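Dear colleague,

I am handing over a structure that you have not worked with before, and I would be grateful if you could look through it alongside the notes in this message.

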2 protein chains.
Amino acid sequence: MSDTKVYLLDGGSLVIDGFHAFWNRGPAGELRFPCYAVLIEHKDGRYIFDTGYDHAHVMRVLPFEKPLQTPDQTIPGALAKLNLRPKDINFVINSHYHFDHCGGNKHLTHACTVCHAKELEAARHPQPFEHLGYSDATFSPELVKARGQKLPPDPALDIYTPKFETISGDQEIAKGMWLYETPGHTAGHYSLMVELANRRPLLFTADACYSKKNMDMMVISSFHLDPVASVQSLVRLKELATKHDAELFYSHDPESWPGYIKAPGYYS
Amino acid sequence: MSDTKVYLLDGGSLVIDGFHAFWNRGPAGELRFPCYAVLIEHKDGRYIFDTGYDHAHVMRVLPFEKPLQTPDQTIPGALAKLNLRPKDINFVINSHYHFDHCGGNKHLTHACTVCHAKELEAARHPQPFEHLGYSDATFSPELVKARGQKLPPDPALDIYTPKFETISGDQEIAKGMWLYETPGHTAGHYSLMVELANRRPLLFTADACYSKKNMDMMVISSFHLDPVASVQSLVRLKELATKHDAELFYSHDPESWPGYIKAPGYYS
């Protein structure tokens, strides 16, 4: 049995306003931030936690977020750099179904998809103010059809029929891999902690906390379903990090990102 | 018995960002909007619905909202133009306790104050992201002390000991004056409908809907406690307006404001 390894797969970047990143606090102005996927090589299989955004989708639906993404920053491209193919991935875990966290799902044709039951439900019936967030439903072609939409032309989708496994509550989904409920940003949001043999655990906040600055200021992002729950999730993440002596990895942090080890480097 | 008359008392203006007025939609950029109080001359007494902001408070706590307010745009000044004194007001109704809706309460020393029970509770225990909204607690000197704060030096406060009457549910508080629950912006938010002898009812949305554009787009403001409830309140206001053939009066609408009749003119 080999030790668990964690790779951060650079997924390019997007732009939002400072008032989006720091709800009602700002300051205003364009803020470019990174997106990434997390690959976990575990003795039970290969997991990917979140899959970034699809460039064509963003250009079609939210071009004002100015995506910058090279071929190496797509899921197939990033995996190829590690000599892996998309079909080598056994499990996809989605923290939530906003477009910048599930855009690469469709490439992972052999994976079982794990998510919170409430999140899949929310993606089916988003609030009116969540429509852009949930605009990329290619993670579930069946959902696209249920919405009366057409699947975009995309070779990846031709061979993609995802199998979902919905869960709820905190869960150790594999030895040393913990999903913690952190709702508020969306209805069924999960953060992920990975225990490693040779260092402190990694705690991936996903969008329960975009950045260290959000945590330090205790300010949530402007994209949220329930701000009261969001603040409670910030508090929860801080407590989890303390309890488990875990290092927090933020989802969209232009200041922390340069300090993270990116693939082909890894944490173990 | 004389007919009910409704006066709109200009309270000056403030500035917020377009992303505050139109949550996550914008466009970005400074937006100056009006604030006003509503005086209702009713056979049961004189009512004021909301009391605008206190210039000194805004300059001390939120100067970035760039208040513009002349002496005639304060509660005492606006009443004086109608040959009324603050002590002539019998009832204050607060839609909610954000600073730009209760800043003039302290002048109305002889009024009974009516509000939603949940709103008074929320003002006592605001969420962390609501602290600026609830920053002016001079509407309740007892609350200022409970917060461990000092009352600002202000002659108005020396003679002000408000009497609260908390209510809940929809209420006809006086013949033809209806308070409708419209929560979401805050915990215990009320909108007010006034029936008149000679024209359609007036439905004052207060901050359940800042502007006609918010209603047309079905977009709430970025200042909110519960966005799902906020959207439902938008829907409710639209339905109430239809049901009662009422005219909607928005709380902070730079485009509708010029078309409203301002005191000394009135609706009756």
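The notes below go through the contact between the chains and then a patch on the surface.

Please keep in mind throughout that this is a predicted model. Chain B and chain A bury about 1,500 Å² between them, and 67% of that area lies on carbon and sulfur atoms. On the side of chain B, Trp23(B), Asn24(B) and Phe129(B) supply 32% of the area that this chain buries against chain A, which is more than any other three residues provide. Counted by residues, the contact takes 16 from chain B and 16 from chain A.

As for the interactions that cross the interface, there are five residue pairs in polar contact between chain B and chain A, with both residues at pLDDT 80 or more, whereas zero salt bridges are found there. Among the elements of chain B, helix 1 (18-21) and helix 9 (227-244) each supply at least two residues of the side that touches chain A, and the largest share of that side, three residues, comes from helix 9 of chain B. Sorted by class, the side of chain B that touches chain A has 10 nonpolar, five polar and one charged residues.

Turning to the surface, Val61(B), Phe64(B) and Leu132(B) make a nonpolar patch of about 250 Å². Of these residues, Phe64(B) is found in the loop of chain B that runs between helix 2 (55-61) and helix 3 (75-80).

With best regards

Notes. Residues are numbered from 1 along each chain as its sequence is written. Chains are lettered from A and ligands numbered from 1 in the order in which they are written. This is a predicted model: local features need pLDDT of at least 70, side-chain atom pairs count only at pLDDT 80 or more; totals for chains, interfaces and linings use all residues. Side-chain values use heavy atoms; hydrogens and water are left out. Patches are made of residues with over 30% relative accessible area and no salt bridge: like charges are joined within 9 Å, nonpolar side chains (Val, Leu, Ile, Met, Phe, Trp, Tyr) within 5 Å. Accessible areas come from the Shrake-Rupley method with a 1.4 Å probe; for residues, only the protein chains shown count as cover. A salt bridge is a side-chain nitrogen of Lys or Arg within 4 Å of a carboxyl oxygen of Asp or Glu. Helices (H or I, at least four residues) and strands (E, at least two) are DSSP runs, numbered from the N terminus. Contact means heavy atoms within 4.5 Å. Buried area is the accessible area (1.4 Å probe) that two parts lose on being put together, summed over both. A polar contact is a pair of N or O atoms within 3.5 Å; within protein, one must be able to donate a hydrogen and the other to accept it, and residues adjacent in sequence count only if both atoms are side-chain atoms. Ala, Val, Leu, Ile, Met, Phe, Trp, Tyr, Cys and Pro count as nonpolar, Asp, Glu, Lys and Arg as charged, and the others, Gly among them, as polar.
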